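Colleague: Got a minute to look at a model with me? I'd like to talk through how some parts of it pack.

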Amino acid sequence: MSCINGKDRINDQQNNKRCKQNVMVSNSYADYLQLDKLLDSQTMLSMQNGKVSYDEHLFIVTHQAYELWFKQILFEMDIVCKLLSGNLWNNEQEMFNILKRLGRISSIIKLLLEHFGVLETMTPYDFAEFRDYLKPASGFQSLQFRMIESKLGLKKENRVNCCKSYTDCFNDKKYDELERASAEPTLFSLVCHWLESIPTLKDNIVWDQYRRAADHWLERSTESDISCLEKRRKLMDTVFKCDQHKRLVDQGNRKFSHMALKGAIIVYAYRDEKGYTLANKILESLVDIDTLLSKWRYSHFVMVHKMIGSYSSGTGGTTGSEYLRSTLCDSYRIFIDLVNLPALTVPAIYVPPLIKPQGK
């Protein structure tokens, strides 16, 4: 039994509270944010080499802001991945938490898109004044952006071949950090596992009923163009026939496992049903992030193309804007199956009532 009585415990709590208040008072705004360190980190190389290019300051600040927001995205992604590792289907609170953090990531990427507008207040001629000072530095060498891509689920084999290796850009310490991040379960793999574990897929009753509804829909189709109707039938076959789905995966045209795709279709089809509304919102948030990152890549390409044209190499040794153009492809879309989901589902009027799992 503790020898500390109630009065002593209260006194200790009051003393701890006063200590915390004193610490907070002694910390100024600048100290708390470490502003001296942060605001002393904008060193213009052009200033050290004769003619000063004042737009270099904007370039540095904008890219430092990018890296700070990249850090926050990684922070949010780590929390989302941790939550997805648990059993979510009976935990609405954690699903809300995931939804909030995915929404925050989307908001950050929207903000990053706005940064391009600020950078483009600098003309190509302004950029040319200090561009040579950057070499061999390049945004291609952003470790945090590579980690975001890896944590999302972008595989090495899906990256565009480039004259520069992604791993050659980093020293041993940073390379090890990237490898550790790549070895962890990705957001993609965790989402797949979550969709595969949907309770309604534990038996085949709901899925079989949904498949019969698809057959009924195709039989009653009013599509006058026979070729279009046949194309629709073949597409639905890739949904219900595992071997055809696997063939698309092998070809690189789909990424989800067949079971995960089934789970996503069930969530989408029954998105207005209790227990699936939140899950569908999470899927929508993943599509938003995927789409916003595609917009970011496109905006990055457009800006670089405007600044250096098609023929200049990147400061880090890449092919410059042509390399960025080559990343605007579906192999960089992590959740492309969710993007394509509306085309793989039965119209709502044909969707049968949801059969609740036994005991629910």
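Modeller: Sure. One term up front: contact means heavy atoms within 4.5 Å. And this is a predicted model.

Colleague: Okay. Which residues of helix 7 meet helix 8?

Modeller: Leu-143, Arg-146, Met-147, Ser-150 and Lys-151 are the ones in helix 7. In helix 8 they meet Lys-174, Glu-177, Leu-178, Ala-181 and Ser-182.

Colleague: What classes of residue are in that contact?

Modeller: Four are nonpolar, two are polar and four are charged.

Colleague: How do people describe a pair like this?

Modeller: Two packed helices are described by the angle between their axes and the distance between the axes.

Colleague: So what are the values for helix 7 and helix 8?

Modeller: Helix 7 covers residues 143–152 and helix 8 covers residues 172–183. Their axes come within 9 Å and cross at roughly 15 degrees.

Colleague: Parallel or antiparallel?

Modeller: Angles under 35 degrees count as roughly parallel. Helix 7 and helix 8 are therefore roughly parallel to each other.

Colleague: Left-handed or right-handed crossing?

Modeller: Helix 7 passes helix 8 in a right-handed crossing.

Colleague: New topic. Where is Gln-42 found?

Modeller: In the loop between helix 3 (35–38) and helix 4 (55–84).

Colleague: What is Gln-42 in contact with, beyond its neighbours within four places in sequence?

Modeller: Gln-42 touches His-57, Ile-60, Val-61 and Gln-64.

Colleague: Which polar contact joins Gln-42 and Gln-64?

Modeller: One of 2.6 Å, between their side chains. Also, a polar atom of the Gln-42 side chain lies 3.1 Å from the backbone oxygen of Leu-38.

Notes:
Residues numbered from 1 in each chain as written. Predicted model: local features only at pLDDT ≥ 70, side-chain atom pairs only at ≥ 80, totals over all residues. Heavy atoms only, no water. Axes fitted to C-alpha atoms, helices over the stretch in contact; angles between N-to-C directions. Helix = DSSP H or I, 4+ residues; strand = E, 2+ residues; numbered from the N terminus. Parallel < 35°, antiparallel > 145°, perpendicular 65-115°, else oblique. Left-handed = near helix turned anticlockwise from the far one by under 90°. Nonpolar A, V, L, I, M, F, W, Y, C, P; charged D, E, K, R; others polar. Polar contact = N/O pair within 3.5 Å; in protein donor to acceptor, adjacent residues only side chain to side chain.
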